[in-house]
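Student: Before we interpret anything, could we go through how each label attached to this model is justified?

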Amino acid sequence: MHDFALALPPKEMFVAMRPKLRNLFLNTLSAPVNNKKQPHLLKPLGLKILKSLVDTACTDNNSLYSRLEIAKLLFEMDPRFDSRTKTTSTSSLLLDDSVTFQAEHLNTLIDFLEKKILALPTETNEEDMDNDDKESEKRMQIHLLDGYLELLCKTVIQMSLNLSPLEKVEIFQRILYFLMTFAFFDCRNLSLPSTNKVKKKKRNKTNEQPAIHAAVLAAIQHKTETDILLPHAFRTSMSARFFSLLADYASLFVLRSDATSSISKESLLEGEEDGSGIELSSTKLDILMRAAAGWVALEENGANLIRPELDEECTKSRNVSGEICQFVNNAFMKDNKGDGKVFSLEKRCATSMATLSTTLCLQMLRCSSDELPGEEDDLDEDVNVAIPIIWDVCQRLVQKDLRSSTDEDLTTTLHSLVEVLVDILGMKSESKSRGASVRLVRDAAKNVWSASLTLLANGASSGLDGFSLDAGKAVSILIETICGGEEAIDSAEIVDDTDGEEEEIETGEGSELFTSDVAIKAFGDSDSDSQSKDHNGEEQSEDEEEIVLGSSQLENLLLENSDVEEQGELEHYEGADSALARMIKLKQDSRKTAMRERERAVMAHQLRCISLLETLFSSKYGMLLRSDTVLFSILPLLKARRELEKSISVLADGQAPGKGGLNEKRSLLERITSVLKTKICKLKINRNHECSAVATADSIIAEAKKSPNISHCKCCSTALMFVLKFATDEESKESIGSFYRLALTEWSTKKSSKLHSVLFEDAIIRFPVFAAMSFGGGLSAAAESGRSPFIKSESFRLLSLLYDTKVDGSVLLLKSILTSSVNSVMVGLGEKDSMLTAKECRELLKATESMISFAVASVTDTNTWELLNSLSPLLNSLAGKSKSDGVQKVCTKLVSSISLELQKATAVHNQSKKKSKRKSKN
């Protein structure tokens, strides 16, 4: 049996196999290992037969067709044959790097896959099935459909990578048009495009593309056989694949080599014509224009959209999108071989806007007429608003010379662009049929933003006469969107929403206020004595019944109770209290869930919009920003960051990661921190404008005083270092210095202070002269009389940093505070127990060493050295008390240095005295 099976020719053997035998073969190969870890009895034979099939196909004289035939036979069994059998059979046949398939081979494979997809709904007879079997069969069909679509959209595209650019485009277009035709169009009235030539009349050449012909022929054949639409679930999967294929085009293939490229890949490159009137390029615009052209061609040949008919506004938006593409084609493609940087940037900007408008236009395609109608109507409305604004901005930036644009025109243009991009990034769709369409739109919006800013930045850096721009309004919109504005939700309020707060329950036209405490009390007083005795019995069963009691049942129950008790004293019905408490709790939970979902949607929008702010605050666009605009953006971002820190700490204590939007909050926190530290605070502003650095610094220090942790205080400190760059006059520096002195006093004296030493450390490192002038003396006072040993040790550490600076301008300032610093060291060394910990001793001795080194380099006054010499007994005492060898060695070294330098200073002083006496005698 074994030898006979292997002796059969592979192709003939598979053709002769009956369906049941093929199923046996597949089930044998995919049989799992049993408990004894022994394979299926027939699995070794099946694997040998499979290997023989693959090897024979690969060594056949006509190996390419043999590979395709064997692969199709394996796909007949299961489109996921390799995954199911845990082998690499189909991958070896089709994706071997040493083999290059031609376009005719791929078209053969596409024909096979298209037929399998279209035959899936008609392969089974559901008349004799019950409902469960029908549902199971539908799920199996969708499973097979997804497998064939995976082969069509990924395997075939990967096989086409080695084809020529023209062939690659044809393969891609054929797949794209097939998905478009059967996902979005009713093809029951479709007819073949006419091929008769008309007298020199311009016709849509797209109609004559082989790819359109293939899609139309497949639709007509399917119409002839079934004359019905594909099931809605099929159209949903094909729609999702259509948009995903558009979104992933760049990672699937490159339409042409970069050898002829004159500008970057993001720009619209010139290419050859393929006979269809559409240029080949490596841009999204080329792919999207082909999709739009397919839409037009299908409608011209009698296909109708499945979705409701486009209204006047949607039709107008399609026409405007076509105008933008026509403008790009006329201005930058046809016989317009412009060169130079400005032409390239204008080309990129116009192309990105045409790409965005075409992408938005394709969002009108739907695979159903009734799926999420309200949401889809909102999407159409957003598209109809966005496309005309994009065309207006394109005309202002590209058609109109920037030299003739006024400051107000450029500001209005950028303002309009930001508004429409923020709205576009807020578009969403819950429909599964959309696939990667949302990502496609968002990527196109970001490309428009980058290209527009690059064009404006080039105009600003070129020094064009009359070119001026104020990006303040654009920044304001982005800051308001990212930092919340009116749409922000206080997450702490959501988490603690029901803790003692009143909840409003609406019933009919009126409403009453109930508190959760009252509801819980009513629930607990319900026959508490009898129920407490049997807590695990009848009470639980009654609770289960009360949970399912709806509001209508509750109303009927209360009405019945009132009818019975019309006479006599009104009695309290305890069951209603329990049901009411349950209903209030369910409504509260529902409200909290809805608020969390809304908050998550807002944060997702903020995360998308912050990428626009990151781009705007890049160093290459610094010439578009004014100093007052940048300073304005700092404080709102810091406040938003603080609120996120507080919200994250609350959620992290009570919920696992991923719940309540915790991961989204952390992502937004990281992005805001990155914008502050790596974007804003590293900008080089060339357009200084009148701004109040003093007021901004005051606000930032006030924000630092509310820091929930040290990381937020660090962000505030980084922002302050940036603001100090704009304090150019002495008056401003003095004012900011006074803010630092007050902050230092609060940090060193108030136990409730939320400030951290990093606020002063950064100033010492970045602006040592300013630090010495502003709060050098305050550090000495903090080291001497700080509220805790930790504050004192931190003060000594900061003093050590201050005296280690090697800036000439700070020498005189440090000399002026040296006496007070030495006195603080004396106080520290004189304390018996509080300063004897390892860290505190280390910081104290390091500060002493820094002061002595500074004195050696800058001070020759004997009075100062005599003051330093007064530290020697205290250092000797510390060395005697400490058990650390390191502390003892440092103390001994410092004492010897002080003694040696004092001798030198005394000798110099005595020698100067002698010289002065000689001069007086003479």
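**Reasons behind the labels**

Tutor: In this predicted model, the side chains of Lys-116 and Glu-76 meet in a salt bridge, with 3.1 Å from N to O.

Student: What makes the contact of Lys-116 and Glu-76 a salt bridge?

Tutor: The N to O distance is 3.1 Å, and the cut-off is a Lys or Arg nitrogen within 4 Å of a carboxyl oxygen of Asp or Glu, so the pair qualifies. Lys-116 belongs to helix α8 (residues 103-119) and Glu-76 to helix α5 (residues 63-77), so the salt bridge ties together parts that are 40 residues apart in sequence. The structure holds 32 salt bridges.

Student: Why is the patch formed by Asp-378, Glu-381, Asp-382, Glu-419 and Asp-423 called negative?

Tutor: Its members are Asp and Glu residues, and these count as negative, so the patch takes that name.

Student: Which helices supply the negative patch with at least two residues each?

Tutor: They are α17 (373-399) and α18 (407-425); α17 gives the most, with three residues, and Asp-382 lies in that helix.

Student: How do you know where confidence is low?

Tutor: On a scale from 0 to 100, pLDDT stays under 50 over residues 486-551, although the model has 75 contacts there beyond four places in sequence. Over residues 562-567 the pLDDT is also below 50, with two contacts beyond near neighbours in sequence. The chain's mean pLDDT is 77, and 74% of its residues reach 70 or more.

Definitions and conventions
Residues are numbered from 1 along each chain as its sequence is written. This is a predicted model: local features need pLDDT of at least 70, side-chain atom pairs count only at pLDDT 80 or more; totals for chains, interfaces and linings use all residues. Side-chain values use heavy atoms; hydrogens and water are left out. pLDDT is the predictor's confidence in each residue, from 0 to 100. Contact means heavy atoms within 4.5 Å. Patches are made of residues with over 30% relative accessible area and no salt bridge: like charges are joined within 9 Å, nonpolar side chains (Val, Leu, Ile, Met, Phe, Trp, Tyr) within 5 Å. Accessible areas come from the Shrake-Rupley method with a 1.4 Å probe; for residues, only the protein chains shown count as cover. The place of a charge is taken as NZ of Lys, CZ of Arg, CG of Asp or CD of Glu. Helices (H or I, at least four residues) and strands (E, at least two) are DSSP runs, numbered from the N terminus.
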